[in-house]
Amino acid sequence: GKTLKRGERERTSWCSVMAPSRAQKDDVVQMGGKTLKRVMDNETRQWVYRPVDESSGKVISKEAFEAMKREEAKARWESDPKRQAEQDKKWAAQRRSEIRGARIAESKQMKKQEHVRKLKSGLVEPSRPRRKEIANVPVPKILADLREEMRVAAANGMDKRNPGQFAFIKTALDAEEAKHDVAVKAARERAYAKERKKRGVKGAAWGSSDEGEDASDDDDDD
């Protein structure tokens, strides 16, 4: 084989070079540490030098050469120290997250087991489910606004800086709260009466809201 002169080299995207017209057929040359062989290009119908597989001695096709280059690029990317450091960092963060999640789950399980143990030993009583509210009366907008105004006034110390204005807000709030309490009580009375009628409960007329709640509890026990 021979070494191509600088003026004779013409690279393509896959490391082939145009062969000098005076070169002999199957002439083998060395370029850049690689062995190149003179072959006829099927597309251009020109003689070119193309890389040779060192193990088999055969010319490497364009497709095989590009595939080889992709594998080499992939290997360089996977062995890149910077990428490896990023992968290690990502793996460590994922591992910490998994450990934290496992500890939280373990803590919840331990608390659950401890609660069951206390229930069995009588140290704690079973929690009673919250009774569904029998009547739901929406809070009027004026009352909600006054509650917020009073909260801001108290937070800003208006009771000391401007006691007159503070007293005015409080008076208006108390009046609206009283109206709302009356509406809630009336709604609860109607709801209790409807519930008693549905259950067929007979007896004295329903009185205060506290009595109504006790009566409802008794009915539930029955």
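**Salt bridges, a long-range link and a strand pairing in the predicted model**

A salt bridge joins E195 to K198, with the closest N and O atoms 3.5 Å apart. The structure examined here is a predicted model. Both residues belong to helix α5, and because E195 and K198 are three residues apart in that helix, about one helical turn separates them. The two partners were assigned to separate exposure classes: E195 has a relative accessibility of 23% and therefore counts as partly exposed, whereas K198, with a relative accessible area of 64%, is exposed.

Helix α5 itself comprises residues 163-199. For its 37 residues, a rise of 1.5 Å a residue gives an expected span of 54 Å, and the C-alpha atoms at its ends are 53 Å apart, so the two values agree. Buried positions occur along the helix at F166, I169, L173, E176, H180, A187, R188, A191, Y192 and R196. Just after α5, G200 adopts a positive phi of about 75°.

The pair formed by E195 and K198 is one of nine salt bridges that the structure holds. Helix α5 also contributes to a salt bridge between the side chains of E177 and R147, for which the N to O distance is 2.9 Å. This pair connects distant parts of the chain, since E177 lies in helix α5 and R147 in helix α3 (residues 141-155), with their positions 30 residues apart in the numbering. Both side chains fall into the partly exposed class: E177 because its relative accessibility is 22%, and R147 because its value is 35%.

A further salt bridge was found between E114 and R117, whose closest N and O atoms are 2.6 Å apart. The two residues are three apart in helix α2 (residues 81-121), so they are separated by about one helical turn. E114 counts as partly exposed because its relative accessibility is 32%; for R117 the relative accessibility is 41%, which also means partly exposed.

Contacts involving aromatic rings were examined next. A search of the whole structure returned zero aromatic pairs. A charge was, however, located over a ring: the charged end of R83 sits over the ring of W77, 3.9 Å from its centre.

In the strand region, β4 (residues 34-40) and β5 run antiparallel and are joined by five bridges. Within this pairing, V39 stands opposite V48 of β5, and K37 has R50 of β5 as its bridge partner. The hairpin formed by β4 and β5 has six residues between the strands, and R45 in this hairpin takes a positive phi near 60°. Strand β5 spans residues 47-51, and four of its five residues are buried; the strand is therefore largely enclosed by the rest of the structure. In a regular strand, side chains alternate between the two faces of the sheet.

Definitions and conventions. Residues are numbered from 1 along each chain as its sequence is written. This is a predicted model: local features need pLDDT of at least 70, side-chain atom pairs count only at pLDDT 80 or more; totals for chains, interfaces and linings use all residues. Side-chain values use heavy atoms; hydrogens and water are left out. Buried means under 20% relative accessible area, exposed over 50%, partly exposed in between (1.4 Å probe, protein chains only). Two strands pair if DSSP finds at least two bridges between them. The expected span of a helix is 1.5 Å times one less than its number of residues. A salt bridge is a side-chain nitrogen of Lys or Arg within 4 Å of a carboxyl oxygen of Asp or Glu. Rings of Phe, Tyr and Trp (its six-membered ring) pair if their centres lie within 6.5 Å; planes under 30 degrees apart count as stacked, over 60 as edge-to-face and the rest as tilted. A charge sits over a ring if NZ of Lys or CZ of Arg is within 6 Å of the ring centre and within 35 degrees of the ring normal.
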